Amino acid sequence: MSEPVDVPIRDEKIRLGQFLKLANLIESGSDAKPLLADGQVSVNGEVETRRGRQLVAGDVVALAGQSARVASGEVEIDVPW
C-alpha cells in the first residue's frame, strides 16, 4: 500500500462517499455504493460499508491499493494517480 495522500476538506467532517470522489479514488458518487457493499473500502484499516460514515482530519481511506488521508485546511493537492 502506498503512503496516503493528504486531501484537504473545507469543513470539519466529510461523508465517506463524498471523500472517495474528492480524493479521486472513484469516478462518481454512484460508484461508492457497490464498492462499499463489497467490502473494498477501509477506513483506518477497518472495512467500512456505510457511505454516510463521517470522516474527520487524520482518517485514512483505502481502496484498491491507493490511500488518502483526510486533511484540514488549504493544502496543495498532489495526487499521484
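The following exercises, with worked solutions, concern a predicted model.

**Exercise 1. The nonpolar core**

Determine how many residues the largest nonpolar core has, which of them have the most contacts inside it, and which elements give two or more residues to it.

Solution. Begin with the size: the largest nonpolar core has 19 residues. Next, rank by contacts within the core; the residues with the most are L16, F19, L20, L25, V41, L55 and V61. Then assign the core to secondary structure. Two helices give two or more residues, namely helix 1 (16-22) and helix 2 (32-37). Strand 1 (5-9), strand 3 (41-43), strand 6 (60-63) and strand 7 (66-72) do so as well.

Finally, take F19 as an example and set aside its neighbours within four places in sequence. F19 is then in contact with V7, I9 and I14, with L55 and V61, and with A68, R69 and V70.

**Exercise 2. The largest pocket**

State the volume of the largest pocket, and describe which residues and elements line it.

Solution. The volume of the largest pocket is about 190 Å³. Its lining consists of 10 residues, and P8, I9, R10, D11 and L22 are the closest to the pocket centre. By element, strand 1, strand 2 (13-15) and helix 1 each give two or more residues to this lining. By residue class, the lining comprises four nonpolar, two polar and four charged residues.

**Exercise 3. A salt bridge between strands**

Identify the residue whose side chain meets that of R69 in a salt bridge, and explain what the pair ties together.

Solution. The partner is D6, with an N to O distance of 2.6 Å. Now place both residues: R69 belongs to strand 7 and D6 to strand 1, so the pair ties together parts that are 63 residues apart in sequence. For accessibility, the partly exposed class runs between 20% and 50%. R69, at 25% relative accessibility, therefore counts as partly exposed. D6, at 32%, likewise counts as partly exposed.

**Exercise 4. A salt-bridge network**

Count the salt bridges in the model, and establish which residues are joined into one network.

Solution. The count comes to three salt bridges. One of them is formed by the side chains of R50 and E48, at 2.8 Å, N to O. Another is formed by E48 and R53, at 2.7 Å, N to O. Sharing of partners joins E48, R50 and R53 into one network. As to accessibility, E48 has a relative accessible area of 6% and is therefore buried, whereas R53, at 22%, is partly exposed.

Technical notes: Residues numbered from 1 in each chain as written. Predicted model: local features only at pLDDT ≥ 70, side-chain atom pairs only at ≥ 80, totals over all residues. Heavy atoms only, no water. Core = buried A, V, L, I, M, F, W, Y, C linked by side-chain atoms within 4.5 Å. Buried < 20%, exposed > 50% of the residue type's maximum accessible area, 1.4 Å probe, protein only. Helix = DSSP H or I, 4+ residues; strand = E, 2+ residues; numbered from the N terminus. Contact = heavy atoms within 4.5 Å. 1 Å grid on protein atoms, 1.4 Å probe; cavity = no way out; pocket = protein on both sides within 12 Å on 5 of 7 lines; lining within 4 Å. Points joined across faces, edges and corners; volume = space filled by probe spheres on them. Nonpolar A, V, L, I, M, F, W, Y, C, P; charged D, E, K, R; others polar. Salt bridge = Lys/Arg side-chain N within 4 Å of Asp/Glu carboxyl O.
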